[in-house]
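User: I would like a close look at one part of this model. Please keep the account connected.

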Amino acid sequence: MGRAIARVTVASSIVIATMWSPTPLLAPGVAAQPSTAALAAPADYFQFPLPTWEPHCLGFGSQWRYCNGTVLRRCSASGAVWLHTGVDIKTAIQPVRAAANGVIIGYIVDPTFRGGVLIRHQTSEGIVITQYWHVWPRSGFKVGTVVTRGEVFADIADMGSRTHFHFAVFMGDFDSHTWNGALPPTRCDGFPAFPYYFVNATTFVGAHLPPVSSRAARHCRMDAQP
Ligand SMILES: [Zn+2]
């Protein structure tokens with residue numbers, strides 16, 4: 001156990017050359033998390049991490065290209081363009097909130113894409129992991145930190161004219177592909193085919209929003225009446 005915890009520390013501080021490469025060394029860290037994860041309240045409801053949710057250039061399943069069309073990655077043999085596992089959202093630099101109750105299980109830094117964070121949620125549908133890219137965690141938020149839905153844990157990273165937010169939802173527990181921002185259309189180069197365990201993050205959150213309080217809604221309507 002002690003050795004596993006040490007691995008978590010290493011994984012949380014590691015800087016890798018590219019986030020899209022396989023990172024199997026991160027996998028052992030998650031196994032050390034269940035006792036911490038058990039402390040997090042169940043995540044029955046989700047919310048969008050930003051106050052507005054306007055699509056940027058890439059949606060779920062879009063070919064993985066910069067906004068100017070430049071391809072980011074292809075399969076080496078077939079040339080097939082990889083597909084985007086998350087949704088990109090227009091944003092300025094602003095606070096980023098946890099989508100649901102959970103535990104931060106990963107933080108890596110990529111020189112091009114800045115910080116990536118994974119939050120693990122225990123839901124009635126099983127483990128769900130939310131993925132946040134191009135963010136910087138705030139001080140005090142690291143691997144093992146328990147967060148609650150709506151809690152500000154990070155800020156959007158400055159990427160100049162490319163500044164945007166990438167958010168993905170992974171339906172399952174952590175593995176070496178949970179970090180991926182894109183996957184090939186068919187299995188190649190050691191990567192599984194899109195969508196793997198990823199789902200459309202906007203659709204998922206939209207389907208798991210907290211119910212509007214009927215009491216509050218009724219109260220407001222009554223207030224509006226003379
Ligand atoms: Zn993206």
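Where is the place of Tyr-196?

Analyst: Tyr-196 lies in the loop between strand 11 and strand 12. A strand here is a DSSP run of E over at least two residues, numbered from the N terminus. Residue numbers start from 1 along each chain, as its sequence is written. The model is predicted, so local features need pLDDT of at least 70 and side-chain atom pairs count only at pLDDT 80 or more, while totals for chains, interfaces and linings use all residues.

Start with the loop. Strand 11 covers 182-183 and strand 12 covers 198-199, and Pro-195 is in the loop between them. A cis peptide bond joins Phe-194 and Pro-195, with omega about 0°. Tyr-196 is not a glycine, yet its phi is positive, about 55°. Is Tyr-196 buried or exposed? It is partly exposed, because 19 other C-beta atoms lie within 10 Å. The scale is this: buried means 20 or more other C-beta atoms within 10 Å of the residue's own, exposed means 12 or fewer, and partly exposed falls in between, with C-beta atoms placed from the backbone.

Arg-114 also has a positive phi, about 65°, and is not a glycine. Its place is in strand 5. Arg-114 counts as partly exposed because it has 17 C-beta neighbours inside 10 Å. Strand 5 (residues 114-123) is mostly covered, with 7 of its 10 residues buried.

Now the partners of strand 5. Two strands pair if DSSP finds at least two bridges between them. Strand 4 (residues 102-110) pairs with strand 5 in the antiparallel sense, over 7 bridges. A hairpin of 3 residues links strand 4 to strand 5. Strand 6 (residues 126-133) also pairs antiparallel with strand 5, over 8 bridges. There the hairpin runs through 2 residues. Gly-116 has contacts on both sides: Ile-108 is bridged to Gly-116 in strand 5, and Trp-133 in strand 6 stands opposite Gly-116.

Next, an open sheet. It has 3 strands in the order 3-9-7, with antiparallel pairing. Strand 3 (95-97) and strand 7 (135-137) are the edge strands, each pairing on one side only. The twist averages 40° from one strand to the next. That angle is taken between N-to-C directions of lines fitted to C-alpha atoms, on a scale from 0 to 180 degrees. Strand 3 pairs antiparallel with strand 9 (residues 152-156) over 3 bridges. Pro-95 has Asp-155 of strand 9 as its bridge partner.

Note on methods: Helix = DSSP H or I, 4+ residues; strand = E, 2+ residues; numbered from the N terminus.
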